[in-house]
Amino acid sequence: MADNKVMGESTTPPAKIGILTVSDRASRGQYQDQSGPAIREYLTEVLSTPFEVDYRVIPDEQALIEETLIDMERGGCGLILTTGGTGPAVRDVTPEATERVCSRMMPGFGELMRKVSLEQTPTAILSRQTAGIRNACLIVNLPGKPRSIRLCLDAVFPAIPYCLDLIGGPYLEADPAKVQVFRPAN
Ligand SMILES: Nc1ncnc2c1ncn2[C@@H]1O[C@H](COP(=O)(O)OP(=O)(O)OP(=O)(O)O)[C@@H](O)[C@H]1O
Ligand SMILES: Nc1nc2c(c(=O)[nH]1)N[C@H]1C(S)=C(S)[C@@H](COP(=O)(O)O)O[C@H]1N2
């Protein structure tokens, strides 16, 4: 029994998680990206299963966002968290890129993040953040503001491991003291 557990643990590869910062200015080095590192810090804090990160910073160019999401998914990412480019400005195109590469959308993620964000700031209504599924990969948009990252992830993270189970993605467990993930008993 114990041997099986050790064998199982040693053969399960770490989950691969993409962190994609979409920001013209961060990609040009005009300011340092804080939102991507905030996502990585959050994952490190809450996840109790091993994971590795594919982190990239790119400008708000729809074709490039699509190519990068596809490349991350083909590279084995089972979860991709984007930040930035969800607003109404002309160059904000992350939701469009997400929709283009996904076969199915998961609108509940954006709805819940906007709900909790609106409790803190009225400008949350301006985020068009969404989520969707490409093959066995879940893509979730977060707003660009560094302070939005923890709030939004605290709201939707409980749903992410079970969603990944259902689409054949990587198995994730979280520290229950940090995030209570929900999985039905059967
Ligand atoms: N990834 C980030 N890292 C650090 N600060 C950020 C980041 N994204 C946004 N911000 C901060 O939030 C402010 C407003 O965010 P907003 O979403 O409007 O960014 P933006 O102006 O669209 O970014 P960009 O022009 O670089 O694409 C920015 O001026 C910046 O101070
Ligand atoms: N939690 C939270 N959500 C938020 C914000 C915020 O500060 N906190 N900023 C809003 C603002 S001002 C904008 S314009 C939109 C889109 O931001 P983005 O284009 O950087 O994704 O997210 C909104 N959602």
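**Helix α8, the core and two ligand shells**

In this predicted model, the cover over the buried residues of helix α8 includes two strands, β3 (79-83) and β6 (137-142), along with helix α7 (148-156). The buried residues in question are I160, P161 and L164, and α8 itself takes in residues 160-167. Looking down the axis of α8, these buried residues stay within an arc of 100 degrees, so they line one face of the helix. That fits the usual pattern: an α-helix has 3.6 residues a turn, so residues three or four places apart point the same way. Just after α8 comes G168, which has a positive phi, near 80 degrees.

Next, the inside of the model. The largest nonpolar core has 37 residues, and the members that touch the most others are L69, L79, I80, L138, I139, V140 and V156. I80 makes a handy example. Leaving aside residues up to four places away in sequence, I80 touches G18, L20, L69, M72, E73, C137 and I139.

As for annotation, the unreviewed UniProt entry has a "domain: MoaB/Mog" covering residues 18-163. That span is 43% helix and 21% strand, and the C-alpha atoms at its ends are 16 Å apart.

Two ligands come with the model. Around ligand 1 there are 16 residues, with D24, R25, Q34, S35 and G144 the closest. Helix α2 (residues 24-28) is the top contributor to this shell, giving three residues. Sorted by class, the shell around ligand 1 holds eight polar, five charged and three nonpolar residues.

Ligand 2 has 19 residues around it, and T86, G87, S117, S127 and G144 come nearest. Here it is α7 that gives the most, again with three residues. The shell around ligand 2 is made up of 11 polar, five nonpolar and three charged residues. G144 turns up in both lists, among the closest to ligand 1 and among the nearest to ligand 2.

One last backbone detail is worth a look. Most residues other than glycine have a negative phi. N135 is not a glycine, yet its phi is positive, at about 50 degrees. This residue sits in the loop that runs between β5 (131-134) and β6. N135 has 14 other C-beta atoms within 10 Å, so it counts as partly exposed. The strand after that loop, β6, is also part of what covers the buried residues of α8.

Conventions
Residues numbered from 1 in each chain as written. Chains lettered and ligands numbered in written order. Predicted model: local features only at pLDDT ≥ 70, side-chain atom pairs only at ≥ 80, totals over all residues. Core = buried A, V, L, I, M, F, W, Y, C linked by C-beta atoms within 7 Å. Buried ≥ 20, exposed ≤ 12 C-beta atoms within 10 Å, placed from the backbone. Contact = placed C-beta atoms within 7 Å. Near = placed C-beta within 6 Å. Helix = DSSP H or I, 4+ residues; strand = E, 2+ residues; numbered from the N terminus. Nonpolar A, V, L, I, M, F, W, Y, C, P; charged D, E, K, R; others polar. UniProt positions renumbered as here; feature names shortened; annotations may be inferred. Arc of directions from axis to C-beta.
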